[in-house]
Every structure is written in structure tokens, then in C-alpha cells.
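Reader: I am new to this structure and would like to know what stands behind the words used for it. Please take the terms one at a time.

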Amino acid sequence: MRHVWSAGTLADDDRGPVIEAPSVLFEIARVSGDDPIIARYGDTDRLALYRRKFSEQTVVPPFKYSYGARIGGQLGWAADLLRVKPYSKSAWISLTAPGEGYDAVPCLVGLAFRVRERALVMTATFRSQNAYTSYLNYLPLADVHAAMAAKLEVERGPMRVFVDVPHLYLSDSPRVFPVMWRPLS
């Protein structure tokens, strides 16, 4: 959020004005639902909805697509590839489909898996992401990561995240500020 707020510029979006920042790549050593910031500021009802979006094969309203349907069938292919070639850099799955409706292009466009030093490294590539609600994607992705590592019988390594257009909606500002600026003790 700080990256977007400090390096971003104003832009337009279908849902109102946003601040868009330059692309970012970062690594999370271990995604955990026990994170104190998520515990304090997170929305458990929305998280449950996002977990369904990632796990169910059908579209869960109010969403326009299902990550579960887009990811599910491809994980077996990626696991098979890594079993045959554990050194491979080719275990990429795409979550987009040519010619799909403009309003249904997913924010998460690809996942990559690599086994390095007996640990599964996962990279999530987002075309766009709301920095304020990003945890709603990271926690279900951690479930995908853990399931894939278990399928391959390796440890879970870090999750790498690339976001092409990280952003914040100006309408979320009153909720963003308390998360970014904690009072001095």
C-alpha cells in the first residue's frame, strides 16, 4: 500500500478514481492467516468468499469468473511436468482465455511452479491488483501453493508475486490510512 500511495499517480477506473503505481515484484517467505495486520484489519466474510472463488469450479457471485475452474485442471499437468523434470522452468499455467469478455479478464493471469532445493517456489502474476485487498488473493493462493507442494511431496518455498498495475481506490482511503500508518508507541 505504501508503494502505491508514495509512488503512484491518479488514474481512472470503472469503479472510480484510483492511484496506480509502477509494477512491483516481491517475495513472501510464508503466507499466513495468522498475520496480525490481517487479523486486525481483514474481512473474514470476504476472505471466505475469495477462498470459494479459488476452490470452486463454478462462478461464485458477485464474481464474473472462477479461479478454481481456471487453475484446477492445470495443476495436475504442472505437477506431472515437475515429477518428470523437477528442474523445469516450464510449469506455467495461464488463467486467461483468448477472446473472453472484457469484463471477465482475471486479475491473476498466471501461476508458475519451480522445485528448487526440495521446495516448491510459486510465482503469481497479476495484471492488476488492489493493494488494499491483496491479502484476499494471497491467502487462497497459499492454499494452492501448499496443495501443490504436498502433491509433489516437497516443502513449500516462498511465494513470489508480480503485479503489473498495483493500485488503490481513492474511496478506500479512510480504511487504507490506518493500516499504513500505525500510531507511534
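Author: Start with exposure: partly exposed lies between buried, under 20% relative accessible area, and exposed, over 50%. The model discussed here is predicted.

Reader: What makes arginine 83 partly exposed?

Author: Arginine 83 has a relative accessible area of 45%. Partly exposed is the class between under 20% and over 50%, so arginine 83 is given that label. Aspartate 80 also counts as partly exposed, at 45% relative accessibility.

Reader: Why is the contact between aspartate 80 and arginine 83 called a salt bridge?

Author: The term asks for a side-chain nitrogen of Lys or Arg within 4 Å of a carboxyl oxygen of Asp or Glu. In this pair the closest N and O atoms are 3.0 Å apart, so the contact meets the cut-off. Aspartate 80 and arginine 83 are 3 residues apart in helix α4, which means about one helical turn separates them.

Reader: How many salt bridges does the structure hold?

Author: There are 7 salt bridges. One of them joins glutamate 27 and arginine 160, with the closest N and O atoms 2.8 Å apart.

Reader: What makes the parts linked by glutamate 27 and arginine 160 distant?

Author: Glutamate 27 belongs to strand β3 and arginine 160 to strand β7, and 133 residues separate them along the chain. Glutamate 27 is partly exposed at 47% relative accessibility, and arginine 160 is partly exposed at 30%.

Reader: Is arginine 70 buried or exposed?

Author: Its relative accessible area is 17%. Buried means under 20%, so arginine 70 is buried. Arginine 70 forms a salt bridge with glutamate 100, the closest N and O atoms being 2.6 Å apart. Because arginine 70 is in helix α4 (residues 67-84) and glutamate 100 is in the loop between β4 and β5, the pair ties together parts 30 residues apart in sequence.

Reader: Why is strand β5 said to be largely enclosed by the rest of the structure?

Author: Strand β5 covers residues 108-116, and 7 of its 9 residues are buried, so the rest of the structure largely encloses it.

Reader: How do you know that β5 pairs with β4 and with β6?

Author: Pairing requires at least two bridges between two strands. Strand β4 (residues 91-94) and β5 have 4 bridges, in the antiparallel sense. Between β5 and β6 there are 8 bridges, also in the antiparallel sense. Both counts reach the required number, so both count as pairs. On the β4 side, serine 94 stands opposite glycine 110; on the β6 side, leucine 108 stands opposite phenylalanine 126. β5 and β6 form a hairpin with 2 residues between them, and glutamate 117 in the turn has a positive phi of about 55 degrees.

Reader: Which residues line the largest cavity?

Author: The lining consists of Ile28, Ala29, Arg30, Val31, His145, Arg156, Gly157, Pro158 and Met159. β7 gives the most to this lining, with 4 residues. The largest cavity holds about 40 Å³ of space. What makes this a cavity is that a 1.4 Å probe fits there but cannot get out.

Reader: What is the volume of the largest pocket?

Author: It is about 1000 Å³. A total of 33 residues line the largest pocket, and the closest to its centre are Arg15, Tyr65, Cys107, Arg127 and Tyr169. β6 supplies the largest share of the lining, 5 residues. By class, this lining has 14 nonpolar, 7 polar and 12 charged residues.

Note on methods: Residues numbered from 1 in each chain as written. Predicted model: local features only at pLDDT ≥ 70, side-chain atom pairs only at ≥ 80, totals over all residues. Heavy atoms only, no water. 1 Å grid on protein atoms, 1.4 Å probe; cavity = no way out; pocket = protein on both sides within 12 Å on 5 of 7 lines; lining within 4 Å. Points joined across faces, edges and corners; volume = space filled by probe spheres on them. Nonpolar A, V, L, I, M, F, W, Y, C, P; charged D, E, K, R; others polar. Buried < 20%, exposed > 50% of the residue type's maximum accessible area, 1.4 Å probe, protein only.
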